Amino acid sequence: MKKKGSYKLGIAVMAIGILMLLGFLGINIGWIIALVIPSYFVYQGWKLFTTRDSKCKKGFGIALMIVGLLWLTGMLHVLIGLAIAALLIYYGMKIIQNNKMLSIAPEIEAAMGESSNVSPFANEFSYKDYDFLDEWENEMNKNQK
């Protein structure tokens with residue numbers, strides 16, 4: 001009898017349920033999941049590496065084994081951190097080489113035109129020589145006369 005993928009899914013769901021039930025009873029063996037998943041990655045990587053003739057699948061098998069072994073040793077976060085750092089450095093160098101500036105608000109920059117010292121709202125909120133306080137002083141002086 002040929003077993004389908006749903007059989008494996010059923011086994012996985014049942015195993016998670018058993019681990020949850022044991023957790024409620026005070027027997028915490030959830031660390032098994034952290035051991036089984038990376039071990040499965042290493043197993044699948046080894047299987048891809050040894051049984052496939054394609055270079056791409058062999059390379060993927062090696063990568064899967066490396067990720068599984070790093071996960072088993074607890075060093076996967078270091079690899080992810082290095083990858084993110086390398087991507088940020090690469091992207092930063094690319095920005096510097098292309099002389100691009102990151103723009104937070106392109107609409108405001110477009111309204112400002114060439115002069116970056118002038119506010120785009122300068123016409124709406126310009127300061128006048130004669131303001132409300134001057135007007136109030138003139139009214140007070142008229143009333144006193």
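**Burial, contacts and a nonpolar surface patch**

Of the 145 residues in the chain, 8% count as buried. This figure, like the others below, comes from a predicted model. The exposed surface of the chain amounts to about 13,000 Å², and 67% of that area is supplied by carbon and sulfur atoms.

The secondary structure is quickly told: the chain has six helices and zero strands. Read from the N terminus on, the order of elements is α-α-α-α-α-α. As for how the chain meets itself along the sequence, among contacts with a separation of 6 or more, 32% join residues that lie 24 or more positions apart.

A feature of the surface that may interest the reader is a nonpolar patch. I16, M20, F24, I33, I37 and W71 make up this patch, and together these residues have about 600 Å² of accessible area. Two elements, α1 (5-24) and α2 (31-51), are the ones that give two or more residues to the patch. Helix α1 provides the largest share, with three residues.

One member of the patch, I37, can be looked at individually. I37 sits in helix α2, and its relative accessible area is 34%. Patch members need over 30% relative accessible area, whereas exposed residues need over 50%. I37 therefore counts as partly exposed, at 34%, while still belonging to the nonpolar patch alongside I33 and W71, among others.

Definitions and conventions
Residues are numbered from 1 along each chain as its sequence is written. This is a predicted model: local features need pLDDT of at least 70, side-chain atom pairs count only at pLDDT 80 or more; totals for chains, interfaces and linings use all residues. Side-chain values use heavy atoms; hydrogens and water are left out. Helices (H or I, at least four residues) and strands (E, at least two) are DSSP runs, numbered from the N terminus. Buried means under 20% relative accessible area, exposed over 50%, partly exposed in between (1.4 Å probe, protein chains only). Contact means heavy atoms within 4.5 Å. Accessible areas come from the Shrake-Rupley method with a 1.4 Å probe; for residues, only the protein chains shown count as cover. Patches are made of residues with over 30% relative accessible area and no salt bridge: like charges are joined within 9 Å, nonpolar side chains (Val, Leu, Ile, Met, Phe, Trp, Tyr) within 5 Å. A salt bridge is a side-chain nitrogen of Lys or Arg within 4 Å of a carboxyl oxygen of Asp or Glu.
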